[in-house]
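Here's a quick tour of one protein chain, written for someone who likes to check numbers against atoms. Load it up and follow along.

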Amino acid sequence: MVPISDWPLRATIREMYRPYHDREILDLDPQTPEKILAAMDANGPLSSLEFEDRSRMSDANSWYGLTKAKRALRSMWVCGLILTHHRRNGRHYYDRPERVIPDMHFQTPELLDREAYHRWIIGRRFQAIGLLRPNAEPAIWSACGDAATRKAAIAHLVAEGLLTHVKIGEKEWSYYLPTSALPLLENAASEAPAEEMRFLAPLDSLLWDRKGVLQLFDFDYIWEVYKPAPQRRWGYYVLPIFYRDRFVARIDSRLEKGAWTIANWWWEQDITPDATLLAALTRASSRFLHYLHAQEIVVNETIDSPTRQALLAGARTALVE
């Protein structure tokens with residue numbers, strides 16, 4: 001949206017919004033980052049396995065792992081001191097930014113204009129979601145400044161013609177969208193919705209603003225992975241299902257030893273699946289099993305028979321292919 005190189009802007013993000021917990025971890029042991037960088041200079045990209053320090057951290061709830069080396073590497077990564085050079089079997093191998101980022105971007109001077117930075121990153125948020133409320137959930141506006149900063153940036157983007165203000169529904173909810181997306185709205189009004197069913201990931205950008213999803217689609221969704229099991233309404237990793245122009249269902253499944261294991265399926269209360277909808281489910285099931293590289297499918301017998309048969313039929317098609 002704003003034609004400025006990403007790298008100097010990311011440098012600005014690093015200085016303005018470096019996560020506090022990562023600063024604290026690095027400040028506790030300033031020698032570890034220096035040793036890690038020296039090892040990379042001597043040997044090239046390295047993973048946590050290449051470091052002998054296996055002393056364990058006290059925080060048992062970290063996404064970064066419990067060993068000191070892994071915590072330091074991930075903290076340096078979040079702070080922009082190192083970047084992922086490549087991955088092998090899911091494991092990150094890290095190196096200095098200047099050996100990962102092309103020189104034409106890395107040598108670009110840092111952006112010191114904070115207003116330009118905020119216009120850029122807020123514009124990117126609107127690009128990511130497509131249609132977004134200015135008062136969306138706080139997590140969406142991470143590294144985007146306070147409310148007054150965001151308001152000024154949005155007003156500037158509207159004045160430049162990069163964002164368009166729209167009001168939705170009888171209550172005229174206030175949203176903005178990239179002006180470049182207006183033709184999509186015009187086409188949507190004249191074309192029938194796509195007949196393909198989509199299994200959406202819980203972190204898909206469409207789902208970032210939960211209140212917005214509720215307003216636009218009358219669909220109440222929360223990713224319950226962080227909730228204790230007794231507090232979950234649906235399940236640990238439930239995916240929302242989108243079809244035509246709305247959310248129609250939820251699925252609770254996982255990949256276990258090569259088998260796509262489906263524990264539950266819930267249609268929305270006002271949905272009665274007909275032959276067309278079940279055919280779309282069969283196609284979606286086939287695509288999803290192929291995406292998972294699963295070798296078989298296991299469907300809980302408590303799922304209603306038409307839905308269960310549609311899921312199995314899709315899997316059979318994928319396995320034959």
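What follows goes from the whole chain to one helix, one arginine, the aromatic rings and a loop residue.

Keep in mind that this is a predicted model. The chain has 321 residues, and buried ones make up 42% of them. Its secondary structure comes to 11 helices and nine strands. If you take the contacts between residues at least 6 apart in sequence, 57% of them join residues at least 24 apart. The accessible surface is about 18,700 Å², with 53% of that belonging to carbon and sulfur atoms.

Let's zoom in on helix α7, residues 147-159. Does the length add up, and what is the expected span? At 1.5 Å a residue, its 13 residues should span 18 Å, and the end C-alpha atoms are indeed 18 Å apart, so the two agree. Four of its residues, Arg150, Ala153, Ile154 and Leu157, are buried. Looking down the axis of α7, you'd find the buried residues within an arc of 100°, so they line one face of the helix. That fits the general pattern: an α-helix has 3.6 residues a turn, so residues three or four places apart point the same way. Turn to the face of α7 that looks away from the buried side and you meet the exposed residues Ala148, Lys151 and Ala159. And what covers the buried residues of α7? The cover includes α6, β3 (163-168) and β4 (173-178). Just after α7, Gly161 takes a positive phi of about 85°.

Helix α6 (residues 114-129) is worth a look too, as it holds Arg125. Is Arg125 buried or exposed? Its relative accessible area is 17%, and the cut-off for buried is under 20%, so Arg125 counts as buried. A polar atom of the Arg125 side chain lies 2.5 Å from the backbone oxygen of Ser142. Leaving aside residues up to four places away in sequence, Arg125 touches Leu132, Ile140, Trp141, Ser142 and Cys144.

Now for the rings. A search of the whole structure turns up 18 aromatic pairs. Such a pair of aromatic rings is described by the distance of the centres and the angle of the planes. Here are two of them:

| Pair | Geometry | Centre to centre | Angle between planes |
|---|---|---|---|
| Phe126 and Tyr176 | edge-to-face | 6.2 Å | 75° |
| Phe199 and Trp265 | tilted | 6.2 Å | 55° |

The Phe126 and Tyr176 pair links distant parts of the chain, with Phe126 in helix α6 and Tyr176 in strand β4, 50 residues apart. Both Phe126 and Tyr176 are buried. The Phe199 and Trp265 pair also links distant parts of the chain: Phe199 sits in strand β5 (residues 197-199) and Trp265 in strand β8 (residues 259-267), 66 residues apart. Phe199 and Trp265 are both buried as well. Ring pairs go on to link Phe199, Trp260, Trp265, Trp267, Phe288 and Tyr291 into a cluster.

Last stop: Thr302, in the loop between β9 (296-299) and α11 (305-320). With a relative accessibility of 64%, Thr302 counts as exposed. The C-alpha atoms of Thr302 and Trp265 are separated by 9.3 Å, while the two residues are 37 apart along the chain.

Methods:
Residues numbered from 1 in each chain as written. Predicted model: local features only at pLDDT ≥ 70, side-chain atom pairs only at ≥ 80, totals over all residues. Heavy atoms only, no water. Helix = DSSP H or I, 4+ residues; strand = E, 2+ residues; numbered from the N terminus. Buried < 20%, exposed > 50% of the residue type's maximum accessible area, 1.4 Å probe, protein only. Polar contact = N/O pair within 3.5 Å; in protein donor to acceptor, adjacent residues only side chain to side chain. Contact = heavy atoms within 4.5 Å. Expected span 1.5 Å × (residues − 1). Arc of directions from axis to C-beta. Areas by Shrake-Rupley, 256 points an atom, 1.4 Å probe, with all protein chains shown as cover. Phe/Tyr/Trp six-rings, centres within 6.5 Å; stacked < 30°, edge-to-face > 60°.
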